[in-house]
Amino acid sequence: MLNIIAAIQNEVPAAVPNAPTIGTATTTGSTTATVTFTAAGSGPAATNFFITSSPVIGSGSSATSPISVTGLAASTQYTFTVTASNAAGNSSPSASSNQITTNAATFTCDFLVIAGGGGGGGFGGGGGAGGLRSTIGNTGGGGDLETALQLSQSTNYAVYIGAGGTAGNGTSYTRGGQGGSTIFSTITSTGGGGGGSQDFTGGNGGSSGGGGQNPTYRAPGTRTASPVQGYSGGYGYTTQDPYYTSGGGGGSGGLGGDAIASTTVNAAGGVGLAISITGSSVTYGTGGGALGAGANNQGNGANGATNKGDGAQGGSNVMMGGVGGSGVIILRYSDARTISFGAGVTGTESGASGGYKRATITAGDGNVSWT
């Protein structure tokens, strides 16, 4: 009989554990939180720990700290207690945690969405800047400032970064390629128009490409009108001989320059826009300048800046235009949120600053979501 009693005593703890010490409760979403704790340093050992929320709605358990809590309600204040358990039963609950407020089910997201810039024309004009749409500071082309989006957590939103337009060929006098459009959710910015050439007008786009130098083809392209995202490019010089100068590509902040009769001075691209969505002022969407065929202007056009949507410079006679700069997406949202980048998307998230985090997406075709 004594042996039986001893065996039972070995299998069943003599008493319940002592209460754990509460740590810190942290909001992790609109319906979730985490709570840290420390097990009692003396008394019978605990085998599990579980959460009680106040008001009582969420639940969670774990053998170790922290405990993840699910089933909470959005935009609601909570405190938590942790209870230890073993085969003998439950401890008394810990003291209450700090109070948290779960995230709202929806949140506001500011954005800067810039398309790829247009390629420079071969023996021609500068590429137009990629269309620029923004809720911060300015939007492209002097258009109306965009309205911030209301997003939902745990929902996928499409993103696509537009590539820069291809270079025009100075030997065959081809126009530069249009930049690729950039997409975030319901916002699409149109790629910049390619620079014109001896045989082509400037291309259409978010900001349009500058015109070529031939009298027949000297006109710039047409900028996107709904919504306005950039400015038009400039005109090529009206007299073909002897200078062959072309127009500059339109920028997000200004018109592309018209060509002038000079062997050394060609039309400048339109200026970009300085926007501070990242917390620092950065200029995006500068139009590409023209590069004529005079004796002092023999060369390939320069490429547009990567991830700024800049238009490329036009090339001179028998030389190549530049490649347009790729686009970018920059997002600003509450620092209570954390973004996840889906497969095929290249992006980074900043630390919290001034109540916000910022995500910068530089490449890819996929989705993002938030917790």
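Strands β9 and β10 pair in the antiparallel sense, with three bridges between them. Leu 112 of β9 faces Ser 134 in β10 across this pairing. The model is a predicted one, and the description below follows β9 to its other partners before turning to further parts of the chain.

Strand β9 also runs antiparallel to β11, to which four bridges join it. Here Cys 109 stands opposite Leu 149. A further antiparallel partner of β9 is β17, joined to it by five bridges. In that pairing, Phe 111 has Leu 331 as its bridge partner. Strands in a sheet are held in register through backbone hydrogen bonds, in either the parallel or the antiparallel sense. Seven of the nine residues of β9 are buried, and the strand is thus mostly covered.

β9 also takes part in a side-chain interaction. Over the whole structure, a search finds two salt bridges. In one of them Asp 110 is joined to Arg 332, with 3.2 Å between the closest N and O atoms. This salt bridge links distant parts of the chain: Asp 110 belongs to β9 (residues 106-114) and Arg 332 to β17 (residues 328-334), and the two are 222 residues apart. Asp 110 and Arg 332 are both buried.

The other pair is Glu 146 and Arg 133, whose side chains meet in a salt bridge at 2.8 Å, N to O. This pair, too, is described as linking distant parts of the chain, although the two residues are 13 residues apart: Glu 146 lies in the loop between β10 (132-134) and β11 (149-152), whereas Arg 133 is in strand β10. Glu 146 has a relative accessible area of 16%, and so counts as buried. Arg 133, with a relative accessible area of 11%, is buried as well.

A separate piece of the description concerns an open sheet of three strands, in the order β1-β2-β5, with antiparallel pairing. The edges are taken by β1 (21-27) and β5 (67-69); each has a single partner strand, so one side of each lacks a neighbour in the sheet. On average, neighbouring strands of this sheet are turned by 25 degrees against each other, direction ignored. Between β2 (residues 33-38) and β5 there are three bridges, in the antiparallel sense. Val 35 stands opposite Ile 67 of β5 in this arrangement. In a regular strand, side chains alternate between the two faces of the sheet.

Tyr 78 lies in strand β6 (residues 77-86). Its relative accessibility is 1%, so Tyr 78 counts as buried. Leaving aside neighbours within four places in sequence, the contacts of Tyr 78 include Ser 53, Ser 54, Pro 55 and Ile 57, together with Leu 72 and Ala 73. Asn 98, Gln 99, Ile 100 and Thr 102 are also among the residues in contact with Tyr 78. With Ala 73 there is a polar approach: a polar atom of the Tyr 78 side chain lies 2.9 Å from the backbone nitrogen of Ala 73. The C-alpha atoms of Tyr 78 and Thr 101 are separated by 6.4 Å, the two residues being 23 residues apart along the chain.

Two residues of the loop between β14 and β15 can be taken next. Ser 252 is placed in this loop, which runs between β14 (187-189) and β15 (273-275). Ser 252 counts as buried because its relative accessibility is 1%. The Ser 252 side chain reaches the backbone nitrogen of Leu 273 at 3.2 Å. Apart from residues up to four places away in sequence, Ser 252 touches a set of residues including Ala 129, Leu 132, Ser 207, Tyr 231, Val 271 and Tyr 284.

Gly 249 is found in the loop between β14 and β15 too. Its relative accessible area is 0%, so Gly 249 is buried. Among the residues that Gly 249 touches, not counting those up to four places away in sequence, are Gly 126, Ser 208, Gly 233, Gly 256, Gly 269 and Gly 287. The C-alpha atoms of Gly 249 and Ser 85 are 71 Å apart, with these positions 164 residues apart along the chain.

Finally, the confidence of the prediction. The pLDDT averages 89 over the protein, and 90% of the residues score at least 70. Residues 4-9 have a pLDDT below 50, and this stretch makes zero contacts in the model beyond near neighbours in sequence. Predicted coordinates should not be read in detail where pLDDT is low.

How values were computed:
Residues are numbered from 1 along each chain as its sequence is written. This is a predicted model: local features need pLDDT of at least 70, side-chain atom pairs count only at pLDDT 80 or more; totals for chains, interfaces and linings use all residues. Side-chain values use heavy atoms; hydrogens and water are left out. A salt bridge is a side-chain nitrogen of Lys or Arg within 4 Å of a carboxyl oxygen of Asp or Glu. Buried means under 20% relative accessible area, exposed over 50%, partly exposed in between (1.4 Å probe, protein chains only). Two strands pair if DSSP finds at least two bridges between them. Axes are lines fitted to C-alpha atoms, for helices over the stretch in contact, and angles run from 0 to 180 degrees between N-to-C directions. A polar contact is a pair of N or O atoms within 3.5 Å; within protein, one must be able to donate a hydrogen and the other to accept it, and residues adjacent in sequence count only if both atoms are side-chain atoms. Contact means heavy atoms within 4.5 Å. pLDDT is the predictor's confidence in each residue, from 0 to 100.
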